[in-house]
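I opened the model to look up its overall make-up, its core and a few residues of one strand. My notes follow the order in which I checked things.

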Amino acid sequence: MSRILQSYAGVLENARPLLHAWIRGVSRGIRPLRPDQLPYEAPDVSREVGPVAVHPDRVAAYLRITDGAGLGTAETRLVPPIYYTTWSLAPFLGVLSADELGISLLGIVHLENEATIHRPIRLGDRVDCRVHLAGLDRDEKRILLTVLAENRVGGTLASESRSLILVPLVPWYVFNGRH
């Protein structure tokens, strides 16, 4: 089995939301909304997944595919700080492909990401992940989205990340056939 498949072995529960988000994003790319149909303020959009069990075999496969080194010792059982991306991708794409937002995923640019680790995530932890749209800044040429992901273990915030996404707006004349 390939190292990529090994790293995501057992994560088939994410396949359906990932495929759903991808199909919605592609369909909006084929027939995008006019800029005046897109929101000017951030709609209330969130997606959740969990509790997700941090399984030793999945972490080991992740470390093999990323050529990462194990963290801590057998006693601390720490996982890499950005390991949460293995379960937060589906809700992240779910937020971006939400009907309330209406954007096409084709052409978007992930400008930056900032992660804050409040406590380590350990093997055996059960993590609840919530991803939500926290901000929308718009002008005539683009929309900037701020998407927040929070990972909680037993109700305690373990880590959070903020992503800034650029959505270029299709000029109005493309819809009028004058390009």
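These entries go from the whole chain to single residues.

**Ground rules.** I am working with a predicted model, in which local features need pLDDT of at least 70 and side-chain atom pairs count only at pLDDT 80 or more, while totals for chains, interfaces and linings use all residues. Residues are numbered from 1 along each chain as its sequence is written, and side-chain values use heavy atoms, with hydrogens and water left out.

**Overall.** I counted secondary structure first and got 5 helices and 5 strands. Helices here are DSSP runs of H or I with at least four residues, strands are runs of E with at least two, and both are numbered from the N terminus. The order along the sequence is α-α-β-α-α-β-β-β-β-α. Of the 179 residues in the protein, 37% are buried. I use buried for under 20% relative accessible area, exposed for over 50% and partly exposed for in between, with a 1.4 Å probe and protein chains only. The accessible surface is about 10300 Å², and carbon and sulfur atoms hold 56% of that surface. That area comes from the Shrake-Rupley method with a 1.4 Å probe.

I then looked at contacts, meaning heavy atoms within 4.5 Å. Taking contacts between residues at least 6 apart in sequence, 74% join residues at least 24 apart.

**Core.** Which residues have the most contacts inside the largest nonpolar core? They are Val54, Trp87, Leu96 and Leu145, in a core of 33 residues. Helix H3 (56–65), H4, S3, strand S4 (142–153) and strand S5 (156–168) each supply at least two residues of this core. Such a core is a set of buried Ala, Val, Leu, Ile, Met, Phe, Trp, Tyr and Cys residues joined through side-chain atoms within 4.5 Å. As a general note, nonpolar side chains in soluble globular proteins tend to be buried together.

**Helix H4.** I checked H4 (residues 85–96) next: its 12 residues reach 16 Å from first C-alpha to last, close to the expected 16 Å. The expected span is 1.5 Å times one less than the number of residues. Is H4 mostly covered or mostly open? It is mostly covered, with 9 of its 12 residues buried; among them are Trp87, Phe92, Val95 and Leu96. Leaving aside neighbours within four places in sequence, Leu96 is in contact with Leu101, Ile103, Leu105, Ile108, Leu145, Val147 and Ile165.

**Strand S3.** I picked four residues here, and the contacts I list for them leave out residues up to four places away in sequence.

- Val131 lies in S3 (residues 126–138) and is buried, at 0% relative accessible area. Its contacts include Ser88, Pro91, Phe92 and Val95, along with Val147 and Leu148. Its C-alpha is 9.7 Å from that of Arg162, 31 residues away along the chain.
- Arg130, also in S3, is partly exposed at 28%. Arg130 touches Ser46, Arg47, Glu48, Leu148, Ala149 and Glu150. Its C-alpha is 8.2 Å from that of Leu148, 18 residues away in sequence.
- Arg126 of S3 is partly exposed as well, at 48%. Arg126 touches Pro51, Val52, Ala53, Arg152, Val153 and Gly154. The C-alpha atoms of Arg126 and Val54 are 6.4 Å apart, with their positions 72 residues apart along the chain.
- Arg138 is in S3 too. Why does Arg138 count as buried? Because its relative accessibility is 16%, and the cut-off for buried is under 20%. Its contacts include Pro35, Asp36, Tyr40 and Leu169.

**Rings.** The charged end of Arg138 sits over the ring of Tyr40, 3.8 Å from its centre. The test is NZ of Lys or CZ of Arg within 6 Å of the ring centre and within 35 degrees of the ring normal. I also searched for aromatic pairs and found 0; a pair needs ring centres (Phe, Tyr, or the six-membered ring of Trp) within 6.5 Å, with planes under 30 degrees apart stacked, over 60 edge-to-face and the rest tilted.

**Backbone.** Last, I noted that the peptide bond from Gly50 to Pro51 is cis, with omega near 0°. Pro51 belongs to strand S1 (residues 46–53). Most peptide bonds are trans.
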